[in-house]
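User: I'd like some practice at reading helices and cavities in a model. Can we go through one together?

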Amino acid sequence: DTFTDRYDRLMIATGAREVMPPIPGLQQEGVFGLRRMADGLALKAAVQDKANSRALVIGSGFIGLEVVEALVHQGKEVRLIELAERVIPDAFDGEITLHIETELREQGVSLHLGERVEALLGEGRVTGVRTSQGEYEADIVVVCTGVKPNTEFLADTGIERLGNGAIKVDRQGRSSLANVWSAGDCASVWHAVKQQQVYVPLATIANKLGRMVGENLAGAEQEFPGTLGSAALKVLGLEAGRTGLSEQEAKAMGIDYRTVVIKDKCHTNYCPGQSDIHVKLVYEAGSKRLLGGQILGRKGAVHRIDALAVAITMGVTTEQLGMLDFAYAPPFSRTWDVLNVAGNVAK
């Protein structure tokens, strides 16, 4: 229905939708996006059909890698195609993605990096894809190439937006239009380290800003302290987390930074199940203030990223990180936790 209404204060929370690449063949049967509940149910039905044995995923972001893992667990022959030279390049640096790529290959995933999808093949039902390097058969194709804000309807309003169309809001959630607020995947968010508005479509941020804007609509004056882009990912046997700035973000901002990358163990040697854990820190060269961190491992890796998020928020230096009093017991860590070690190695 189309109708006209009035408001004293307006909240825009129109979310985002999947980005579909401009290639022919996307409308065929067997091709799936993954944004709505109906998309997931349709994909589930296709995966449960034993005739669909070959699955191909386009895009290796958070959703793409989660889909790959699910397809592997369902016993499918899985192929992943990524335009960039490494997986999940916008979230993690190469020292971390290298291990994710190794895990994918060891679990039987055919990984194609630096390869562009040019067309989907088939006559009404997808049979494969053509890329810049060849053709591959597929019974199911899942497109996971990112999202964009649902804000086209605002084009003629004069509201300020970021380059990708996200509504630009201040730290209270107010837009440039009087009495108009916004939050969620259609809006920008303040970054605590970058000190600028960015687009980070994560559920944690949408929930926090939605709550804050609700209070402000009712007369409060709450301000969002800022995101660190903290995120986590499970890929088959690995788990990875990140927070703050990546090295490529620090470089793009022109910051005088340093990095340290270490490999240690998740807990004491004589407890069963010990495995490698990798930590990368990004920190300011002069002050040694932490700017970002990434962690990857098989056990106990992701929740350590929460400690780094707190440390970055509070302005902790690498020297302070090296001596922080983390809990110790043999099944959980070494006497010097991997984060202590990383802080002490930083120069």
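Analyst: Sure. Keep in mind that this model is predicted. By class, eight nonpolar, two polar and one charged residues line the largest cavity.

User: How many cavities of 30 Å³ or more are there, and what space lies in the largest one?

Analyst: There are three that reach 30 Å³ or more. The largest cavity holds about 50 Å³ of space. Its lining consists of G184, D185, A187, S188, V189, V200, P201, L202, I205, A206 and L209.

User: Which helix gives the most to that lining?

Analyst: That's helix 4 (residues 203-217), with three residues.

User: Now helices. How do I read which way residues point?

Analyst: The general idea: an α-helix has 3.6 residues a turn, so residues three or four places apart point the same way. Now take helix 3, where the buried residues are I96, T97, I100, E101, E103 and L104. These residues sit on the same side of helix 3, because they cover an arc of only 160° around the axis.

User: What covers the buried residues of helix 3?

Analyst: The cover includes helix 2 (62-73) along with several strands: strand 5 (77-82), strand 6 (110-113), strand 15 (231-235), strand 16 (238-244) and strand 19 (290-297).

User: What span should helix 3 have, at 1.5 Å a residue?

Analyst: Its 13 residues (94-106) should span 18 Å, and the end C-alpha atoms are 18 Å apart, so the two agree.

User: And which residue with a positive phi follows helix 3?

Analyst: Look at G108, where phi is near 90°.

Note on methods:
Residues are numbered from 1 along each chain as its sequence is written. This is a predicted model: local features need pLDDT of at least 70, side-chain atom pairs count only at pLDDT 80 or more; totals for chains, interfaces and linings use all residues. Side-chain values use heavy atoms; hydrogens and water are left out. On a 1 Å grid over the protein atoms alone, a cavity is a set of points where a 1.4 Å probe fits but cannot get out, and a pocket is an open set with protein on both sides within 12 Å along at least five of seven lines; lining residues have an atom within 4 Å of a point. Grid points are joined across faces, edges and corners, and a volume is the space filled by probe spheres set on the points. Helices (H or I, at least four residues) and strands (E, at least two) are DSSP runs, numbered from the N terminus. Ala, Val, Leu, Ile, Met, Phe, Trp, Tyr, Cys and Pro count as nonpolar, Asp, Glu, Lys and Arg as charged, and the others, Gly among them, as polar. The expected span of a helix is 1.5 Å times one less than its number of residues. Buried means under 20% relative accessible area, exposed over 50%, partly exposed in between (1.4 Å probe, protein chains only). The arc is that of the directions from the helix axis to the C-beta atoms. Contact means heavy atoms within 4.5 Å.
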